[in-house]
Amino acid sequence: MPCTSIAMKANNGDLFWGRTDGFTFSPFKKSVKTQITAFPKNTEMPSCYHKWTSKYAFVGINVNNSLFYQ
């Protein structure tokens, strides 16, 4: 399923970028454990191979405690 994105630039020059989720199901069903989480920039993130540090702040949707955020 393709995703849609949007970028907006504030009057002070800050850039905001976002995209729709690519789930093929509703992540908000009662049977799915979904968390919406905000991360500040420079957050250390786990991954399948090694940890990495976020360059930017972001908000993500996590499903069933996976390592992946939409």
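Buried means under 20% relative accessible area, exposed over 50%, and partly exposed in between, with a 1.4 Å probe and protein chains only as cover. By that scale Glu44, at 52% relative accessibility, counts as exposed.

This is a predicted model, in which local features need pLDDT of at least 70 and side-chain atom pairs count only at pLDDT 80 or more, while totals for chains, interfaces and linings use all residues. Residues are numbered from 1 along each chain as its sequence is written, and side-chain values use heavy atoms, with hydrogens and water left out.

**Whole chain**

Start with the chain in cartoon view. It has zero helices and six strands, and the order of elements from the N terminus is β-β-β-β-β-β. Helices (H or I, at least four residues) and strands (E, at least two) are DSSP runs, numbered from the N terminus. Of the 70 residues, 16% are buried. Switch to a surface: the accessible area of the chain is about 5900 Å², and carbon and sulfur atoms account for 58% of this. Such areas come from the Shrake-Rupley method with a 1.4 Å probe; for residues, only the protein chains shown count as cover. Among contacts (heavy atoms within 4.5 Å) between residues at least 6 apart in sequence, 27% join residues at least 24 apart.

**Select Lys51 and Glu44**

The side chains of Lys51 and Glu44 form a salt bridge, 3.5 Å from N to O. The term covers a side-chain nitrogen of Lys or Arg within 4 Å of a carboxyl oxygen of Asp or Glu, and the count by this rule is one. Lys51 is exposed, with a relative accessible area of 58%.

**Select Thr43 and Ser54**

Next to Glu44 in the numbering, Thr43 sits in the loop between S3 and strand S4 (44-45). Thr43 is buried at 16% relative accessible area. Leaving aside residues up to four places away in sequence, Thr43 touches Trp52, Thr53 and Ser54.

Move on to Ser54, in the loop between strand S5 (52-53) and strand S6 (58-63). Ser54 is buried, with a relative accessible area of 3%. With the same sequence exclusion, Ser54 touches Pro40, Lys41, Asn42 and Thr43. Show the side chain of Ser54: one of its polar atoms lies 3.4 Å from the backbone oxygen of Pro40.

**Select Phe39 and Phe58**

The structure holds one aromatic pair. The ring centres of Phe39 and Phe58 are 4.6 Å apart and the planes are at 20°, so the pair is stacked. Because Phe39 lies in strand S3 (residues 34-39) and Phe58 in strand S6, the pair ties together parts that are 19 residues apart in sequence. Rings of Phe, Tyr and Trp (its six-membered ring) pair if their centres lie within 6.5 Å; planes under 30 degrees apart count as stacked, over 60 as edge-to-face and the rest as tilted. Phe39 is buried, at 12% relative accessible area, whereas Phe58 is partly exposed at 26%.

**Select Ile6, Met8 and Phe16**

These three residues, Ile6, Met8 and Phe16, make a nonpolar surface patch of about 330 Å². Patches consist of residues with over 30% relative accessible area and no salt bridge: like charges are joined within 9 Å, nonpolar side chains (Val, Leu, Ile, Met, Phe, Trp, Tyr) within 5 Å. Met8 belongs to strand S1 (residues 5-9).

**Select Thr20 and Ser5**

Finish at Thr20, in the loop between strand S2 (15-19) and S3. Thr20 is partly exposed at 37% relative accessibility. The C-alpha atoms of Thr20 and Ser5 are 6.4 Å apart in space, with the residues 15 apart in sequence.

Note on methods
Polar contact = N/O pair within 3.5 Å; in protein donor to acceptor, adjacent residues only side chain to side chain.
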